[in-house]
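Work through the three exercises below with the structure in view. Try each task before you read its solution.

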Amino acid sequence: MNLHEIYAHPLFGVTVTVGAYVIALKVQGKWKSIHPLFVCSGAIIALLLMLDIPYDDYRAGGDLITFFLGPATVALGVPLYKQRHFLRRYFAAILSGVTIGSVSGIAGAGLLVWLMGGTRELMATMMPKSVSSAISVEIARQAGGIPELAAVLTVLTGLLGSMVGPALLRRAGISGDMPIGVAIGTSSHGIGTGRVIRDSELQGSVSGVSMALAGIVTSLLFIPLYGRFH
């Protein structure tokens, strides 16, 4: 078996991904603010570049890991169910926070691109960055943006929010589980939700609901904007 066959074997991608994530967890053990996904992704990219391994070869095993994202996402429903009474009681407040946060995120991203002289295509790509990748990519495509770049910006937004968001909120005097959950879920989608659920099940539950609501609200907010991008 030559090197190309080894790299193209699904077990290679799985081994590299799991190994990189284990290393990332150890790094996070020393530096709590660093998200494991940030280190894991960087390590895999560096390895592929250094060994000149085609992405398609790695993807043969990487797709096996991606398959389990579905069950992992569904698993977020467990804390939601356990916290259902709290979520039902404060649903109006959560929805209000998500709506304001979504409007602010869209407007802020659009304003930044406009101030820096960016094109409408770039604006359409960047504005939906705070919702989950599946939604942001489709919104960017419908608005005339660049779907691939939208996916990158979405992941970077989630990573940045997960690494600095909770600490920044606490430094601003925001310490409650509900406001932190709403802020992270609205701005940093699933990556941020995975981060805060380790601190508090209630934070993770609120963040999960906020993530879902942000996807709906953002999709609705973009309906009147589609015509302006074409």
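**Exercise 1.** Find the helix that holds tryptophan 114, and decide whether tryptophan 114 is buried or exposed.

*Solution.* This is a predicted model. Start with the position. Tryptophan 114 lies in helix α8, which covers residues 91-115. Next, take the relative accessibility, which is 60%. Exposed means over 50%. Tryptophan 114 therefore counts as exposed. Now look at the surface. Trp114 belongs to a nonpolar patch together with Leu111, Leu112, Leu115 and Met116. The patch has an area of about 620 Å².

**Exercise 2.** Place serine 207 in its helix, classify serine 207 as buried or exposed, and list the residues that serine 207 touches.

*Solution.* Locate the helix: serine 207 sits in α13, residues 201-222. Check the accessibility: the relative value is 0%. Buried means under 20%, so serine 207 counts as buried. Then list the contacts. Leaving out residues up to four places away in sequence, serine 207 touches Gly181, Ile184, Gly185, Thr193 and Val196.

**Exercise 3.** Compare the span of helix α2 with the expected value. Then work out where the buried residues of α2 lie around the axis.

*Solution.* Helix α2 runs over residues 10-30 and has 21 residues. At 1.5 Å a residue, 30 Å is expected. From first C-alpha to last, α2 reaches 31 Å, close to that value. Now pick out the buried residues of α2: Phe12, Gly13, Val16, Thr17, Ala20, Ala24 and Gln28. These cover an arc of only 130 degrees around the axis, so they lie on the same side of α2. Finally, turn to the other side of α2, where Leu11, Thr15 and Lys26 are exposed.

Notes: Residues numbered from 1 in each chain as written. Predicted model: local features only at pLDDT ≥ 70, side-chain atom pairs only at ≥ 80, totals over all residues. Heavy atoms only, no water. Helix = DSSP H or I, 4+ residues; strand = E, 2+ residues; numbered from the N terminus. Buried < 20%, exposed > 50% of the residue type's maximum accessible area, 1.4 Å probe, protein only. Contact = heavy atoms within 4.5 Å. Expected span 1.5 Å × (residues − 1). Arc of directions from axis to C-beta. Patch = residues over 30% accessible without salt bridge, like charges linked within 9 Å, V, L, I, M, F, W, Y side chains within 5 Å. Areas by Shrake-Rupley, 256 points an atom, 1.4 Å probe, with all protein chains shown as cover. Salt bridge = Lys/Arg side-chain N within 4 Å of Asp/Glu carboxyl O.
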